[in-house]
Amino acid sequence: MASVSQGFLPVPGDAALWIEVSPAMAIHRLTDIALKATRVHLSQQVIEREFGAMVVHHRDQSDVREAGRVVLQRMGASQQDRTACKITWKEIIRGMMPDHTVLINRQGRRGSMILPEQSMFILETDPAGYVIYAANQAEKAANITLVDVRAVGAYGRLTIAGKEADVDEAAAAAIHAVENPSWT
């Protein structure tokens, strides 16, 4: 996130909240609500054609939770109202070839590089924001490299790389996360 955020950058240990809504322009009002009600900082706000998204964070998790609670309250919604995640694509490619990795590394990604012979897991979700949670859980589960995370637009896209066993473990964690999201 630090490579693409235009706002206040989160640091390791900060709690974060990702909110994605439609229509896109509604994100401005929700940002205003969260910032005025708590001490959270805005690290990212993106407005696409259909969806708007924001990320707020703070060292104190209670402020982040309160921001989420207040935003939901003002929307007249609850966590149970959120759109369920649909996995639209998932695949592991093993033993990546050098030509393939060079092209992936030259694309507009802002993560780390994939190396030849590594395995690659790709995941696409609808709604897009779920890939943030998937990436977080994948990183906690195994020693992998985040190659690309795109969480704005019609679909979220996650690309991770690493040793075959690590990618298998991280992929399982990412899939489990989006199929069974935490309600906290």
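How many bridges join strand E1 to strand E3? Seven, and the two strands run antiparallel. E3 covers residues 52-58. One bridge in this pairing can be named: Ala15 has His58 as its partner in E3. The model is a predicted one, and this pair of strands is a good place to enter it.

E1 and E3 belong to an open sheet of three strands. The order is E1-E3-E2, with antiparallel pairing. E1 (15-21) and E2 (41-47) stand at the edges. Each has a single partner strand, so one side of each is left without a neighbour in the sheet. From one strand to the next, the twist averages 10 degrees.

A helix covers this sheet. H1 packs on it and touches E1, E2 and E3. The direction of H1 makes about 175 degrees with that of E2. Angles over 145 degrees count as roughly antiparallel, so H1 and E2 fall into that class.

H1 also has a helical partner. H1 spans residues 26-37, and H2 spans residues 61-75. Their axes lie 9 Å apart, and the helices pack at an angle of about 130 degrees. H1 and H2 are therefore oblique to each other. The crossing of H1 past H2 is right-handed.

Which residues of H1 and H2 meet? From H1 come Arg29, Leu30, Ile33, Ala34 and Ala37. From H2 come Ala67, Val70, Val71, Arg74 and Met75. By class, this contact has eight nonpolar residues, two charged ones and no polar ones. The charged residues are Arg29 in H1 and Arg74 in H2.

Further along the chain comes another sheet. What is the order of its four strands? The order is E4-E5-E7-E6. This sheet is open too, and its pairing is antiparallel. The edges are held by E4 (86-93) and E6 (145-150). Each of these has a single partner strand, so one side of each lacks a neighbour in the sheet. Neighbouring strands are turned by 10 degrees against each other on average, direction ignored.

Inside this order, E5 sits beside E7. E5 takes in residues 119-126, and E7 takes in residues 156-162. They pair in the antiparallel sense over seven bridges. Leu123 marks one position in this pairing: its bridge partner in E7 is Leu158.

Methods
Residues numbered from 1 in each chain as written. Predicted model: local features only at pLDDT ≥ 70, side-chain atom pairs only at ≥ 80, totals over all residues. Heavy atoms only, no water. Axes fitted to C-alpha atoms, helices over the stretch in contact; angles between N-to-C directions. Parallel < 35°, antiparallel > 145°, perpendicular 65-115°, else oblique. Left-handed = near helix turned anticlockwise from the far one by under 90°. Contact = heavy atoms within 4.5 Å. Pairing = 2+ DSSP bridges.
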